[in-house]
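Here is a short set of exercises to work through with the viewer open. Try each task yourself before reading its solution.

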Amino acid sequence: MRVATWNLNTWINRKNGIDNLVLWNWADTHLAADLVIFTEAATPPPREVRAQGWNVVHRPGGFPNRSSWGTLIAGRNMRIELLTHVGKKKYELDTKFPGSLTAADVWVNDEYFACVVGLYLPYRKDAKKEFIGHPSSDLVALKKDFEEILEHCDASLIVAGDLNDIHKRVPKPLKALGLVDPFKGYDHITFRQDWNDNGLFRMDYIYMTPNLQSCVTARSGGMDDFPDAFNVSDHAPLLVEIDV
C-alpha cells in the first residue's frame with residue numbers, strides 16, 4: 001500500500017485559478033498512492049475522483065471559516081469511515097480546535113488496516129486577527145484525542161499532515177503514544193515560502209505505530225523527490241510504501 005500526505009494549498013490555488021482536480025490528477029500521476037491524507041484540500045472533493053474509485057471522508061463543512069477546505073482522508077477502492085466519536089463513552093473528537101484533527105478507520109479487502117489521523121495545525125487568530133496559541137501547543141492540547149484514538153484502533157495508527165512547525169524528532173505528544181517516524185534520518189523539505197526564496201522547511205510528517213513502520217518497504221518525499229509539486233502547491237508530498 002502506498003500512503004501519502006500533501007498540503008494542496010487550496011486557498012491560494014483558488015486565487016490563481018488552479019482547479020482542485022489538477023492537484024488530484026498530479027497526485028495520481030506522481031504518487032500513485034492508495035491512501036492519501038490531503039490538507040488544505042477543497043471540501044467536498046471534485047466529483048470526478050469518486051468515479052476514479054476514491055472513497056473520501058472529511059469534516060462536514062471543511063475547516064471552520066476557511067471557505068470549504070480542510071483535511072481529506074481518501075482511499076482508492078477501500079473502505080473509509082469517518083470517526084467523530086470513539087470508545088464506549090463515545091468521546092467526541094476534534095472539539096479543542098475544530099478542523100485540526102480528522103480521523104478515519106480504514107479497511108483493506110474487508111480487513112481492518114488502521115486508524116488514520118489527518119492533522120492540520122494552523123497558526124490560529126482571534127476575532128481581531130491577532131495570532132493566538134501555537135501549532136505545537138495545540139498538538140499538546142490534543143493529547144486526550146490521541147489517547148482515545150489509540151485505544152480505539154488497537155495500536156494500528158497513522159498520523160500525518162501539516163504540523164506547521166519544524167520537528168527534528170517525533171513530537172512528545174505523539175512519541176508518548178509510541179509513534180515512530182519512518183523518515184528518521186531523512187531531511188525532506190516539504191514547504192517553500194512563496195515570499196522568501198530561502199524559506200525552505202519541513203512542515204509535513206507521517207508518523208505511525210511500530211507494527212506498521214516495520215512493514216515500510218520504501219519512502220520518498222519533499223522537494224528532492226517531487227520538485228514539480230511546487231508548480232501547483234507551496235508544499236511537496238511525503239510517500240511511504242507499506243507491505244500489507
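A polar contact is a pair of N or O atoms within 3.5 Å; within protein, one must be able to donate a hydrogen and the other to accept it, and residues adjacent in sequence count only if both atoms are side-chain atoms. The model is predicted, so local features need pLDDT of at least 70 and side-chain atom pairs count only at pLDDT 80 or more, while totals for chains, interfaces and linings use all residues. Residues are numbered from 1 along each chain as its sequence is written, and side-chain values use heavy atoms, with hydrogens and water left out.

**Exercise 1. Around Glu-40**

Task: find the side chains with which the side chain of Glu-40 makes a polar contact.

Solution:
- Step one is to place the residue: Glu-40 is found in strand E2, residues 35-42. Strands (E, at least two residues) and helices (H or I, at least four) are DSSP runs, numbered from the N terminus.
- Next comes accessibility. Glu-40 counts as buried because its relative accessibility is 7%; buried means under 20% relative accessible area, exposed over 50%, and partly exposed in between, with a 1.4 Å probe and protein chains only.
- Now list the contacts, meaning heavy atoms within 4.5 Å. Not counting residues up to four places away in sequence, Glu-40 touches Asn-7, Leu-8, Asn-9, Thr-10, Trp-11, Trp-69, Gly-70 and Tyr-120.
- Finally, pick out the polar pairs. The side chain of Glu-40 makes a polar contact with that of Asn-7 at 3.3 Å, and another with the side chain of Tyr-120 at 3.0 Å.
- As a check on sequence against space, Glu-40 and Asn-7 are 33 residues apart in sequence, but their C-alpha atoms are 5.6 Å apart.

**Exercise 2. Reading a sheet**

Task: work out in which order the 6 strands of the open sheet are arranged, and which stand at its edges.

Solution:
- Begin with the rule for pairing: two strands pair if DSSP finds at least two bridges between them.
- Following the partners gives the order E3-E4-E2-E1-E17-E16, with mixed pairing.
- Strand E3 (54-58) and strand E16 (216-221) are the edges; each has a single partner strand, so one side of each is left without a neighbour in the sheet.
- On average, neighbouring strands here are turned by 20° against each other, direction ignored. Axes are lines fitted to C-alpha atoms, for helices over the stretch in contact, and angles run from 0 to 180 degrees between N-to-C directions.
- For one pair in detail, take E1 (residues 2-7) and E17 (residues 238-242), which are antiparallel over 4 bridges. Arg-2 stands opposite Glu-241 in E17.

**Exercise 3. Strand E12 and its partners**

Task: describe how E12 pairs with E9 and with E15.

Solution:
- Strand E12 covers residues 157-162, and 6 of its 6 residues are buried.
- Towards strand E9 (residues 111-120), the pairing is parallel and has 6 bridges. Here Cys-115 has Leu-157 in E12 as its bridge partner.
- Towards E15, the pairing is antiparallel over 5 bridges. Ala-160 stands opposite Ile-206 in E15.
- Move on to Thr-209, in the loop between strand E15 (204-208) and helix H7 (210-213). Thr-209 is buried, with a relative accessible area of 3%.
- A polar atom of the Thr-209 side chain lies 3.3 Å from the backbone oxygen of Ala-155. Beyond four places in sequence, the contacts of Thr-209 include Leu-157 and Leu-179.

**Exercise 4. Backbone details**

Task: compare the settings of Asn-77 and Asn-164, then locate a cis peptide bond.

Solution:
- Asn-77 has a phi near 55°, a positive value in a residue other than glycine. The phi of Asn-164 is likewise positive, near 55°.
- Asn-77 is in the loop between strand E4 (69-76) and strand E5 (79-83). At 64% relative accessibility, Asn-77 is exposed.
- Asn-164 is in the loop between E12 and helix H6 (172-175). With a relative accessible area of 17%, Asn-164 is buried.
- The cis peptide bond runs from Thr-43 to Pro-44, with omega near -5°. Pro-44 lies in the loop between E2 and helix H3 (47-51).
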